[in-house]
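This report describes one protein chain for a reader who has its sequence and model at hand. It starts with a single residue and its neighbours, then turns to the chain as a whole, its rings and its cysteines.

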Amino acid sequence: MRFNLEGLEVFFPYDRIYLEQYQYMRSIKQTLDAGGHCLLEMPTGTGKTVCLLSLITSYQLANPNCGKLVYCTRTVPEMNSVMEELRTVFSYRSEQLRLDREAAAAAADERDTQQQNEDVNMMDV
């Protein structure tokens, strides 16, 4: 799903978001906007990783000069899991942006066709 979070378009790769996830992302965004640091805690299995990755990558897309995300884990399997989630986030975002480009191209084609029809109609007068 795509949604607006305080002026930021967020690409979240799942159909549903829980209130706690939304609040988590809002807190991260507010911290990024303020240029500060934050420490957030959520229970195991609540979607912290996808929330963080969705929000940060969306923020970086909208603010290219905001810096890098450094993500550390204790083990290689944990990092593999994070990388798989990141692939899911990027795949979803790429698909959504491709659909936007296709819709914009179709709208432009429609406008061009309409303008051509108007030009032809004016010539008939």
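Two residues are in contact when heavy atoms of one lie within 4.5 Å of heavy atoms of the other. By that rule, and leaving aside residues up to four places away in sequence, Q21 touches F12, R16, M42, T46, G47, V50 and C51. Q21 is found in helix α1. Its relative accessible area is 6%, so Q21 is buried.

**The chain and its confidence**

The model is predicted. Over the protein chain the pLDDT averages 87, and 86% of the residues score at least 70. Among the elements, strand β2 (residues 8-11) has the highest mean pLDDT, 97, while helix α3 (residues 76-124) has the lowest, 80. Where pLDDT is low, the predicted coordinates should not be read in detail.

The secondary structure consists of three helices and two strands. Read from the N terminus, the order of the elements is β-β-α-α-α. The protein chain has 125 residues, and 25% of them are buried. About 8,800 Å² of the protein chain is exposed, with 53% of that area supplied by carbon and sulfur atoms. Of the contacts between residues at least 6 apart in sequence, 57% join residues at least 24 apart.

**Helix α2**

How far apart should the ends of helix α2 be, at 1.5 Å a residue? Helix α2 covers residues 48-62, which makes 15 residues and an expected span of 21 Å. The C-alpha atoms at its ends are 21 Å apart, so the model agrees with the expected span. The buried residues of α2 include V50, C51, L52, L53 and S54. L55, I56, T57, S58 and Y59 in α2 are buried too.

**Aromatic pairs**

A pair of aromatic rings is described by the distance of the centres and the angle of the planes. The structure holds two aromatic pairs. In one of them, the rings of F3 and Y22 have centres 5.9 Å apart and planes at 45 degrees, so this pair is tilted. F3 belongs to strand β1 (residues 2-5) and Y22 to helix α1 (residues 19-34), so the pair ties together parts that are 19 residues apart in sequence. The rings of F12 and Y14 also have centres 5.9 Å apart, but with planes at 75 degrees, so that pair is edge-to-face.

The table lists how accessible each of these ring-bearing residues is.

| Residue | Relative accessible area | Class |
|---|---|---|
| F3 | 14% | buried |
| Y22 | 26% | partly exposed |
| F12 | 1% | buried |
| Y14 | 35% | partly exposed |

**Cysteines**

A disulfide is a covalent bond between the sulfur atoms of two cysteines. How many disulfides does the structure hold? The number is zero. C38 has a relative accessible area of 40% and is partly exposed. C51 is buried, with a relative accessible area of 0%. C51 is also one of the residues that Q21 touches.

**An unusual backbone angle**

Most residues other than glycine have a negative phi. E6 is not a glycine, yet its phi is positive, at about 50 degrees. Where does E6 lie? The place of E6 is in the loop between β1 and β2. With a relative accessibility of 41%, E6 counts as partly exposed.

Definitions and conventions. Residues are numbered from 1 along each chain as its sequence is written. This is a predicted model: local features need pLDDT of at least 70, side-chain atom pairs count only at pLDDT 80 or more; totals for chains, interfaces and linings use all residues. Side-chain values use heavy atoms; hydrogens and water are left out. Helices (H or I, at least four residues) and strands (E, at least two) are DSSP runs, numbered from the N terminus. The expected span of a helix is 1.5 Å times one less than its number of residues. Buried means under 20% relative accessible area, exposed over 50%, partly exposed in between (1.4 Å probe, protein chains only). A disulfide is a pair of cysteine sulfur atoms within 2.5 Å. pLDDT is the predictor's confidence in each residue, from 0 to 100. Rings of Phe, Tyr and Trp (its six-membered ring) pair if their centres lie within 6.5 Å; planes under 30 degrees apart count as stacked, over 60 as edge-to-face and the rest as tilted. Accessible areas come from the Shrake-Rupley method with a 1.4 Å probe; for residues, only the protein chains shown count as cover.
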